[in-house]
Amino acid sequence: MGLVTVRQAEGLYHQGSFPINQKHNVQEIIGHELAHQWFGNLVTMKWWNDLWLNEGFATMIGVKAVDFLENTTWRYRDTTAEMMCITLRSDQMDQSIAVSANKEVDFMRHLELQPSQKTIIYKKAAIITRMIERLVEEHTFKEGLNRFLSTFTYKNADHEDLFNVLAYVHDSSSGGHLSGQNFSLTDVMDTWLRQAHFPVVHVNRKEGSIVTLRQERYIHFKSRDTRDYVWKIPIFYDDPVSGKHKVFWITDKQPVVFDMGGQLVVDPHQLTYMRLRYDDVMYADLTAKLLDDFKAIPTNSRSRLLDDTLAMAECGQLDYKVAFNMTMYLAKEVL
């Protein structure tokens, strides 16, 4: 075990003298730094362009550590919602960077000039790591990490090494959400790691629970970046018959038909890094549901509805009336 140092303000907690969130922050920070004994020290990235391997995993494990210490699961879920809001706001800026840059890019120099972009390396990387965990399933993810750390102990590795190990474990097991697809985990994750920014998925109702989904790059401000961005987007949902976790894929810009089943929102547990734009009728239905029974919509999705509608209203993509109507239920919200 190496020496771990933290700032005094981030390492102290006394019950009754500090709010409970200070306790959780201290737990998170210590968990994050201890995680670097594995992600950073035991296995070290080959170059700075894969700094996210260190910081993304340490951030995710820091949050998981709080749940472990407190014997809960809510911190991982709720912190991810907060992390998503913060990161999307940073990643929608024109100067945002990709999580994993080309080796030719002076990555550390860029972070020195744009310190706010550390949000991408820490928080966006943690969100993407969570997506990977859900794609390959938690047990496969754990087994893959054990194999990765064992294989590259006291060596250097990059994200392709990690994905190759995860893919090997995934393909050797039954289950997972990449089985039967004509693309690999690396193909999926390259669209999230090698590209800056993120998609907005348009949701338009056809009939009943049947909707069309269409992706495009989310543009908050007029952008000088005219590149054609396309993501391989996993839409996580629970099968209404079997109750099993499943994934529906959006792989290009063409509209695709999706059955929401009994779900009120797309991606109800906010597992995918994206904004959602519903049609006007669906927004009206969601507003009515929030006023009638807000707990019918999961906490993460309530947070997403507020952040997405306010962000899109801010840049003129949506009427503020839709966003403000969405907030009317908040008097009923509970901590």
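Is E70 buried, partly exposed or exposed in this predicted model? E70 is partly exposed, because its relative accessible area is 28%, which lies between the 20% under which a residue counts as buried and the 50% over which a residue counts as exposed.

**View 1. A salt bridge joins E70 and K23.** The closest N and O atoms of this pair, one residue being E70 and the other K23, are 3.2 Å apart. Since E70 belongs to helix α2, which covers residues 51-70, while K23 belongs to helix α1, the salt bridge ties together parts of the chain that are 47 residues apart in sequence. K23, like its partner, counts as partly exposed, with a relative accessibility of 24%. Side chains of opposite charge can pair when their charged atoms come close. In the structure as a whole there are 18 salt bridges, and two further pairs are shown in the next views.

**View 2. R89 and E314 meet in a salt bridge through their side chains.** The distance from N to O in this pair is 3.1 Å. R89 sits in helix α3 (residues 74-91) and E314 sits in helix α10, so this salt bridge ties together parts that lie 225 residues apart in sequence. R89 is partly exposed because its relative accessibility is 27%, and E314 is also classed as partly exposed, at a relative accessible area of 43%.

**View 3. K253 and D228 form a salt bridge between two loops.** The closest N and O atoms of K253 and D228 are 2.3 Å apart. The pair links distant parts of the chain, with K253 in the loop between β6 and β7 (256-259) and D228 in the loop between β4 (210-217) and β5 (233-238), and the two residues are 25 residues apart. K253 counts as partly exposed at 34% relative accessibility, whereas D228, at 57%, counts as exposed. Elsewhere, salt bridges that share partners join R89, R275, D307, D308 and E314 into one network.

**View 4. H245 makes polar contacts with R134 and D238.** H245 is placed in strand β6, which is made of residues 245-250, and it counts as partly exposed because its relative accessibility is 39%. If neighbours within four places in sequence are left aside, H245 is in contact with R134, H177, Y237 and D238. For two of these residues, a polar contact joins the side chains: the one between H245 and R134 is 2.9 Å, and the one between H245 and D238 is 2.7 Å. As a reference for distance, H245 and N54 are 191 residues apart in sequence and 28 Å apart in space, counted from C-alpha to C-alpha.

**View 5. Helix α11 has V322, A323 and M326 as its buried residues.** Helix α11 covers residues 320-327. These buried residues span an arc of only 95 degrees around the axis, which means that they lie on the same side of α11. Among the elements that cover them are α9 (280-293) and α10 (299-314). At the N-terminal end of α11, D319 acts as a cap, with a side-chain oxygen lying 2.8 Å from the backbone nitrogen of K321.

**View 6. T309 in helix α10 is a buried residue.** T309 is classed as buried because its relative accessible area is 0%. When residues up to four places away in sequence are not counted, T309 touches Y283, L318, V322, A323 and M326. A polar atom of the T309 side chain also lies 3.2 Å from the backbone oxygen of L306.

**View 7. V4, V6, I30, L34 and W38 form a nonpolar patch on the surface.** Together these residues have about 380 Å² of accessible area. One of them, V6, is found in the segment before α1 (20-35), and V6 counts as partly exposed because its relative accessibility is 35%.

**View 8. A167 lies in helix α7, which covers residues 159-172.** A167 is classed as partly exposed because its relative accessibility is 23%. A167 and K155 are 12 residues apart in sequence, and from C-alpha to C-alpha they are 20 Å apart in space.

Definitions and conventions
Residues are numbered from 1 along each chain as its sequence is written. This is a predicted model: local features need pLDDT of at least 70, side-chain atom pairs count only at pLDDT 80 or more; totals for chains, interfaces and linings use all residues. Side-chain values use heavy atoms; hydrogens and water are left out. Patches are made of residues with over 30% relative accessible area and no salt bridge: like charges are joined within 9 Å, nonpolar side chains (Val, Leu, Ile, Met, Phe, Trp, Tyr) within 5 Å. Accessible areas come from the Shrake-Rupley method with a 1.4 Å probe; for residues, only the protein chains shown count as cover. A salt bridge is a side-chain nitrogen of Lys or Arg within 4 Å of a carboxyl oxygen of Asp or Glu. Helices (H or I, at least four residues) and strands (E, at least two) are DSSP runs, numbered from the N terminus. Buried means under 20% relative accessible area, exposed over 50%, partly exposed in between (1.4 Å probe, protein chains only). Contact means heavy atoms within 4.5 Å. A polar contact is a pair of N or O atoms within 3.5 Å; within protein, one must be able to donate a hydrogen and the other to accept it, and residues adjacent in sequence count only if both atoms are side-chain atoms. The arc is that of the directions from the helix axis to the C-beta atoms.
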